[in-house]
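Biologist: I should like to understand how the labels attached to a model are justified. May we take them one at a time, setting each value against its definition?

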Amino acid sequence: MHDRSPGRHTPVAQFNLGVCYKEGAGVRQDDTEAVKWCRLAAEGGNAKAQISLGWMHEHGKGGLKQDTVESARWFALAAAQNHPVAQSTLGMMYDQGKGVAQDDAKAVELYTLAAEQGDAFAHSTLGEMHYEGRGGLQQDFSQAAMWWKR
């Protein structure tokens, strides 16, 4: 990995190496190395690495300063690649105004995109929002039940 020139699978390999360092799988556990390899993969466009780096920024892991704005930026990059976990997480950030300006409509849009791909958290959250009439949605028990059944 260290001595090879980049190829089309390089971001996947970089992300996998980052996960190995994060978990101590086959290498000494090292959060700083995990961030290094995940950042390379994330910058190379790997959505899973972007999510991982977003999480590390959100929680201040691997020597990173806790930064929800930077976290949201990485989640947004992965969400733009139609990754349901990123869409759901970014939806929550918009719902709560965490790292981004609070925006009910954007939260509902992202939750819906994630839910349509089977994301259980998004199903549950959309159900709650319809049930409570929250997030700019009208209270609608049948819509709540529909999302919860999924």
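Biologist: Why is Gln87 called buried?

Modeller: This is a predicted model, and in it the relative accessibility of Gln87 is 1%. Buried means under 20%, so Gln87 counts as buried. The residue lies in helix H5.

Biologist: Which residues is Gln87 in contact with, leaving aside its neighbours within four places in sequence?

Modeller: They are Ala79, Asn82, Leu110, Leu113, Ala114 and Gln117. With Ala114 there is also a pair of polar atoms to consider: a polar atom of the Gln87 side chain lies 3.5 Å from the backbone nitrogen of Ala114.

Biologist: What makes the phi of Asn82 worth noting?

Modeller: Most residues other than glycine have a negative phi. Asn82 is a residue other than glycine, yet its phi is positive, near 70 degrees. Asn82 lies in the loop between H4 and H5. Its relative accessibility is 43%, so the residue counts as partly exposed.

Biologist: Where does Gly45 lie with respect to H2, and what is its phi?

Modeller: Gly45 comes just after H2 and takes a positive phi of about 95 degrees.

Biologist: How do you know that the span of helix H2 agrees with its number of residues?

Modeller: Helix H2 covers residues 31-43, which makes 13 residues. The expected span is 1.5 Å times one less than the number of residues, so H2 should span 18 Å. Its end C-alpha atoms are 18 Å apart, and therefore the two values agree.

Biologist: Which residues of H2 are buried, and what do they pack against?

Modeller: The buried residues are Ala34, Val35, Trp37, Cys38, Ala41 and Ala42. They pack against helix H1 (10-23), helix H3 (47-59) and helix H4 (68-79).

Biologist: What is found at the start of H2?

Modeller: There a side-chain oxygen of Asp30 reaches to within 3.0 Å of the backbone nitrogen of Thr32. Asp30 also takes part in a salt bridge with Arg28.

Biologist: Why is the pair of Asp30 and Arg28 called a salt bridge?

Modeller: The rule requires a side-chain nitrogen of Lys or Arg within 4 Å of a carboxyl oxygen of Asp or Glu. The closest N and O atoms of Asp30 and Arg28 are 3.2 Å apart, so the pair satisfies the rule. By this rule the count comes to eight salt bridges.

Biologist: Are Asp30 and Arg28 buried or exposed?

Modeller: Asp30 has 16% relative accessibility and so counts as buried. Arg28 stands at 61%, and exposed means over 50%, so Arg28 counts as exposed.

Biologist: What makes Glu58 and Lys98 a salt bridge?

Modeller: Their side chains meet at 2.8 Å, N to O, and the limit is 4 Å, so the pair qualifies. Glu58 lies in helix H3, whereas Lys98 lies in the loop between helix H5 (84-96) and helix H6 (104-115), so the pair ties together parts that are 40 residues apart in sequence. Glu58 has a relative accessible area of 7% and is therefore buried. Lys98 has 27% and is therefore partly exposed.

Biologist: Which residues are linked in a network of salt bridges?

Modeller: The network links Asp95, Glu128, Glu132 and Arg134. One of its salt bridges joins Glu132 and Arg134, with the closest N and O atoms 2.9 Å apart. Partly exposed lies between 20% and 50%; Glu132 is at 48% and so counts as partly exposed, and Arg134, at 27%, counts as partly exposed as well.

Biologist: Which residues form a nonpolar patch on the surface?

Modeller: Tyr131, Phe141 and Trp148 form the patch, with about 340 Å² of accessible area together. Patches are made of residues with over 30% relative accessible area. Trp148 has 42%, so this residue is partly exposed. Trp148 is placed in helix H8 (residues 141-149).

Biologist: How many helices and strands does the protein chain have, and what share of its residues counts as buried?

Modeller: The chain has eight helices and zero strands. Of its 150 residues, 42% count as buried.

Methods. Residues numbered from 1 in each chain as written. Predicted model: local features only at pLDDT ≥ 70, side-chain atom pairs only at ≥ 80, totals over all residues. Heavy atoms only, no water. Helix = DSSP H or I, 4+ residues; strand = E, 2+ residues; numbered from the N terminus. Buried < 20%, exposed > 50% of the residue type's maximum accessible area, 1.4 Å probe, protein only. Contact = heavy atoms within 4.5 Å. Polar contact = N/O pair within 3.5 Å; in protein donor to acceptor, adjacent residues only side chain to side chain. Patch = residues over 30% accessible without salt bridge, like charges linked within 9 Å, V, L, I, M, F, W, Y side chains within 5 Å. Areas by Shrake-Rupley, 256 points an atom, 1.4 Å probe, with all protein chains shown as cover.
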